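Here's an informal walk through one structure, a few spots at a time. Keep the 3D view open and click along as you read.

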Amino acid sequence: MKHIALITGVTGQDGSYLSEFLLAKGYEVHGIIRRSSVDYRERIAHLEGTPHFHLHYADMGDSMSLVKLVDLVQPTEIYNLAAQSHVQVSFDAPEFTADVDAVGVLRILEAVRTNHLEKTCRIYQASTSELYGKVEEVPQNENTPFHPYSPYAVAKLYGFWIVKEYREAYGMFCCSGILFNHESERRGETFVTRKITLAAARIAQGKQEKLFLGNLDSLRDWGYAKDYVECMWLILQNDKPEDFVIATGVQHSVREFTDLAFRHVGIELKFEGEGIDEKGICVSGPEHLVGKALVEVSKDFYRPTDVVNLWGDPTKAKAKLGWDPGKTSFEQLVKLMVEHDMGKVAAEGAAEKVRTNLAEYLEKGIVK
Ligand code: NAP
Ligand code: F7E
């Protein structure tokens with residue numbers, strides 16, 4: 001049988017890695033892109049023009065475009081990764097987030113039903129550890145109760161339940177991967193890990209003075225995105241449609257991530273003070289930085305409600321899918337991201353001004 005995948009969110013971090021993974025497996029891969037005033041498809045630029053990789057305009061807010069595309073492509077697998085995926089932004093744009101992250105899932109399911117593909121097309125839904133939100137149990141597994149704690153999480157909860165409903169009502173092979181945070185050198189630059197690794201690289205190279213962060217105590221289970229896309233595929237190859245928690249089973253704080261990232265660029269920090277007054281002071285490193293506060297806390301990066309204790313239990317994925325949650329360690333992840341960003345910052349050259357502006361906007365909290 002010919003394997004044909006349709007990926008929504010193909011231009012995102014996960015979409016780009018998943019495309020590479022499926023192409024290497026011999027799939028024909030189709031991705032959805034949206035029209036934008038700047039043609040910015042950095043993460044998949046290297047794939048464009050390769051055989052079996054096709055891009056189509058559509059939008060998660062436009063049912064008709066999805067119905068027509070599913071008819072054209074006749075996918076055997078759909079990976080629904082498209083989302084407004086930034087939790088803090090979901091407080092500023094809750095209605096858009098609900099439309100794309102909640103109703104968008106329904107639109108994909110209905111596009112499959114409208115084209116009578118419910119018995120031949122398997123669907124993966126990008127669900128999230130944010131469903132656990134104000135956590136009721138640590139660590140979290142497939143049986144932990146949900147307590148969503150942001151407009152993003154509430155929208156994703158609808159996505160989770162509508163997938164379950166269509167599985168039971170229509171016998172469709174549709175499943176949710178409840179993925180904990182996964183990062184990479186392709187991670188969006190306003191998520192905390194990438195913001196830290198880029199800032200550490202810029203500070204080390206004299207291109208940024210300070211890094212402003214929000215809640216340093218927040219705890220996350222961070223994995224490597226490249227390892228996680230394999231699991232999305234494994235979930236669809238399982239004998240029966242089931243939901244899975246995907247996580248490393250190891251937890252660290254934002255402060256620990258920051259400390260380690262700065263160590264990799266040769267800067268040792270000592271954290272002093274509490275809450276909004278906490279600062280990361282350089283205690284060893286380049287002479288001109290020693291004694292300076294390189295990390296400070298800004299209330300601009302605090303959320304109205306924040307999820308602070310995520311820690312996943314990947315036992316089921318390990319046992320049933322044979323997936324290895326320990327493939328890339330936390331230390332390896334931080335190292336590979338920092339090394340990548342040291343190279344990127346060094347190469348910025350002509351683009352430096354634009355990047356510095358973004359760094360400045362991030363510092364001032366204009367861009368979150
Ligand atoms: P990402 O880098 O932010 O990518 C999101 C993708 O969705 C982009 O391709 C974006 O397109 C697309 N998109 C947004 N709105 C759209 C719309 N209206 N129509 C069509 N496409 C739209 O996210 P990611 O980190 O790869 O995450 C992939 C999925 O997993 C998301 O659903 C996210 O919520 C979920 N998730 C992520 C994590 C994580 O830690 N990364 C954990 C759990 C779940 P543009 O490029 O045009 O903006
Ligand atoms: O925040 C804290 C922040 O924005 C992580 C998405 O992929 O993973 C991601 O959502 C933690 C939070 O990711 C800053 O308050 C401190 O507690 O990197 P983040 P997220 O909110 O966990 C889940 C699983 C998804 O599903 C989402 O799509 O870090 N934090 N200071 C900060 N966060 C940001 N962004 N910026 C800061 O300055």
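## Two backbone oddities in loops

Start with Q74, which sits in the loop between α2 (63–73) and β4. This is a predicted model, so treat each value here as computed from it. Q74 isn't a glycine, yet its phi is positive, at about 50°. Most residues other than glycine have a negative phi, and most peptide bonds are trans. Is Q74 buried, exposed or partly exposed? With a relative accessible area of 36%, Q74 counts as partly exposed.

H52 is another non-glycine residue with a positive phi, this time about 70°. You'll find H52 in the loop between β2 (28–33) and β3 (53–57). Its relative accessible area is 48%, so H52 also falls in the partly exposed class, which runs from 20% to 50%.

## Strand β5 and its partners

Next, turn to β5, residues 122–128. Six of its seven residues are buried, so this strand is largely enclosed by the rest of the structure.

Which strands pair with β5? One is β4 (residues 77–80), which runs parallel to β5 and is joined to it by four bridges. If you want a pair to click on, E77 has R122 in β5 as its bridge partner. Another is β6 (residues 174–179), also paired with β5 in the parallel sense, over six bridges. Here you can pick Q125, whose bridge partner in β6 is S176.

## A cis peptide bond after β5

Carry on along the chain and you reach the loop between β5 and α5 (151–170), which holds P139. The peptide bond leading from V138 into P139 is cis, with omega near -10°.

## The nonpolar cores

How many residues make up the largest nonpolar core? It has 62, and the ones with the most contacts inside it are L22, Y79, Y124, I246, F262 and I267. Helix α7 supplies the largest share of this core, nine residues. There is also a second, separate core of 25 residues, with A82, V105, V163 and Y166 among its members.

I246 is a handy residue for looking around inside the largest core. Setting aside residues up to four places away in sequence, I246 touches I178, L179, F180, Y228, C231, I235, A317 and W323. Two of those names, Y228 and W323, come back below in a cavity lining.

## T248 and the second largest cavity

T248 is in the loop between β11 (244–246) and β12. Is T248 buried or exposed? Its relative accessibility is 15%, under the 20% cut-off, so T248 counts as buried. Residues up to four places away in sequence aside, T248 touches D221, W222, G223, Y228, P314 and P325. T248 and F180 are 68 residues apart along the chain, but their C-alpha atoms are separated by 8.2 Å.

T248 also helps line a cavity. Rolling a probe the size of a water molecule over the atoms shows where empty space is left. Searching the whole structure turns up two cavities of 30 Å³ or more, and the second largest holds about 30 Å³ of space. Its lining is made of G223, Y224, D227, Y228, T248, W323, D324, P325, K327 and T328. The elements giving two or more residues to that lining are β10 (223–224) and α7 (225–237). By type, the lining residues split into four nonpolar, three polar and three charged.

## S253 in strand β12

A little further along is S253, in strand β12 (residues 252–253). S253 is a polar residue that ends up buried, with a relative accessible area of 7%. What does S253 touch, leaving aside neighbours within four places in sequence? The answer is L216, D217, S218, L219 and W222. W222 is a contact of T248 as well.

## The second largest pocket

Last stop: the second largest pocket, with about 150 Å³ of space. Its lining takes in I203, G206, Q208, E209 and K210, along with H288, L289, K292, A293 and L294. These lining residues comprise four nonpolar, three polar and three charged.

Note on methods:
Residues numbered from 1 in each chain as written. Chains lettered and ligands numbered in written order. Predicted model: local features only at pLDDT ≥ 70, side-chain atom pairs only at ≥ 80, totals over all residues. Heavy atoms only, no water. 1 Å grid on protein atoms, 1.4 Å probe; cavity = no way out; pocket = protein on both sides within 12 Å on 5 of 7 lines; lining within 4 Å. Points joined across faces, edges and corners; volume = space filled by probe spheres on them. Core = buried A, V, L, I, M, F, W, Y, C linked by side-chain atoms within 4.5 Å. Buried < 20%, exposed > 50% of the residue type's maximum accessible area, 1.4 Å probe, protein only. Contact = heavy atoms within 4.5 Å. Pairing = 2+ DSSP bridges.
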